[in-house]
Amino acid sequence: MGLLDNFEKGLERAVNGAFAKTFRSGLQPVEITSALRRELDTKAAVVSRDRVLVPNTFTVRMNSADCKRMAALGPTLIDELTQLVQQHAASQRFQFAGGIVIRFAEDPGLSEGMVQVDSSNVKGEIAWTPLLDINGKRHPLLKARTVIGRGSDADITVDDTGTSRRHVEILWDGSRAKVRDLGSTNGSQLNGAAVKEAILEPDSVITIGRTRIVFRVLAQAASIDQFADRRIDDATQRHDMGGFWGPAS
């Protein structure tokens, strides 16, 4: 067990009864992450040699004050938690019966700083939601072609003099994503290597100038669409592929 594993285990132990006494400032997002990870590990059910099923629907219960603080962080926090649940499941070779749903709920029976997670398996269709993480801000890919650059005519404008006005574009066809350099002056990089055009895998890192762009895909329940009011087309829907992501054949 490495130092990171030891840290995570120690952090999870802190979430227990003594948690409220240890963290006077209330519940922290990292503690919710630990609680969700522990819930996956505890509820993992071996169905067969090659299939370990884990819950995909989570209700995170907390004190009213903590719940209000978490809700104030907006959908970005749910995105982060969803991604971390995905990553932990992938690292342990866990599988889900459907898309991931995470909800916050107030529980007057819990003291401030404490957290309880209830979970269940809910079978259903998965909606693969593509996102770009740029300088800590998340941008859902709402259309088939998204241009990024420092110009005001770009779909996503970055404050970076090292980028061209229309530097790169991200293409999403509903099943896979591509990055394409638009003839920029300083060029673009994908995972540290120069790139003109390439398929994007989840967690790929695009670098333009001093700007770091991370491509992410969240496996959310098809019935839960937090971007519905801003969606331009419906090309962001994708079916589950046996728990694995890859370019469409």
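This passage describes the overall make-up of a predicted model and then several of its local features.

The chain has an average pLDDT of 80, and 78% of its residues score at least 70. Residues 1-23 have a pLDDT below 50, and this stretch makes 27 contacts in the model beyond near neighbours in sequence. A second stretch, residues 225-249, also stays under 50 in pLDDT. For residues 225-249 the model has 58 contacts beyond four places in sequence.

The secondary structure consists of five helices and 17 strands. Of the 249 residues in the chain, 46% are buried. Among contacts with a separation of 6 or more, 64% link residues that lie 24 or more positions apart.

One open sheet is built from three strands in the order β1-β2-β4, with mixed pairing. Its edge strands are β1 (45-48) and β4 (94-96), each of which pairs on one side only. On average, and with direction ignored, neighbouring strands of this sheet are turned by 50° against each other. Strand β2 (residues 51-54) and β4 run parallel and are joined by three bridges. Within this pairing, Leu 53 is placed opposite Gln 95 in β4. Helix α3 (residues 29-43) packs on the sheet and touches β1, β2 and β4. The direction of α3 makes about 95° with that of β4.

Helix α3 also meets helix α5 (residues 75-92), and the two axes come within 10 Å and cross at roughly 35°. This crossing of α3 and α5 is right-handed. On the α3 side, the contact involves Pro 29, Ile 32, Thr 33, Leu 36, Arg 37, Leu 40 and Asp 41. On the α5 side, the residues are Leu 77, Leu 81, Leu 84, Val 85, His 88 and Gln 92. The contact of α3 with α5 comprises eight nonpolar, three polar and two charged residues.

Another residue of helix α5 is Gln 86. Gln 86 counts as buried because its relative accessibility is 17%, which is under the 20% limit. With neighbours within four places in sequence left aside, Gln 86 is in contact with Ile 100, Val 217, Leu 218 and Ala 219.

The loop between β5 (101-106) and β6 (115-120) contains Gly 113. Asp 107 lies in the loop between β5 and β6 as well. Gly 113 has a relative accessible area of 0% and is therefore buried. Asp 107 is also buried, with a relative accessible area of 14%. Although Gly 113 and Gln 28 are 85 residues apart in sequence, their C-alpha atoms are 7.7 Å apart in space. The contacts of Asp 107, apart from neighbours within four places in sequence, are with Arg 61, Met 62 and Asn 63.

Strand β9 (residues 145-149) is mostly covered, since four of its five residues are buried. Strand β9 pairs with strand β11 (residues 168-172) in the antiparallel sense, over four bridges. In that pairing, Arg 145 has Leu 171 of β11 as its bridge partner. The pairing of β9 with strand β10 (residues 156-157) is parallel and has two bridges. Here Gly 149 stands opposite Thr 157 in β10.

Positive phi values are found at Asn 191 and at Asp 203. Asn 191 is not a glycine, and its phi is about 55°. Asn 191 is located in the loop between β13 (188-190) and β14 (193-195). Asn 191 counts as exposed because its relative accessibility is 53%, over the 50% limit. Asp 203, likewise not a glycine, has a phi of about 70°. The position of Asp 203 is in the loop between β15 (197-200) and β16 (204-208). The relative accessibility of Asp 203 is 36%, so this residue counts as partly exposed.

Terms used: Residues are numbered from 1 along each chain as its sequence is written. This is a predicted model: local features need pLDDT of at least 70, side-chain atom pairs count only at pLDDT 80 or more; totals for chains, interfaces and linings use all residues. Side-chain values use heavy atoms; hydrogens and water are left out. pLDDT is the predictor's confidence in each residue, from 0 to 100. Contact means heavy atoms within 4.5 Å. Two strands pair if DSSP finds at least two bridges between them. Axes are lines fitted to C-alpha atoms, for helices over the stretch in contact, and angles run from 0 to 180 degrees between N-to-C directions. A crossing is left-handed if the near helix is turned anticlockwise from the far one by less than a right angle, and right-handed if clockwise. Ala, Val, Leu, Ile, Met, Phe, Trp, Tyr, Cys and Pro count as nonpolar, Asp, Glu, Lys and Arg as charged, and the others, Gly among them, as polar. Buried means under 20% relative accessible area, exposed over 50%, partly exposed in between (1.4 Å probe, protein chains only).
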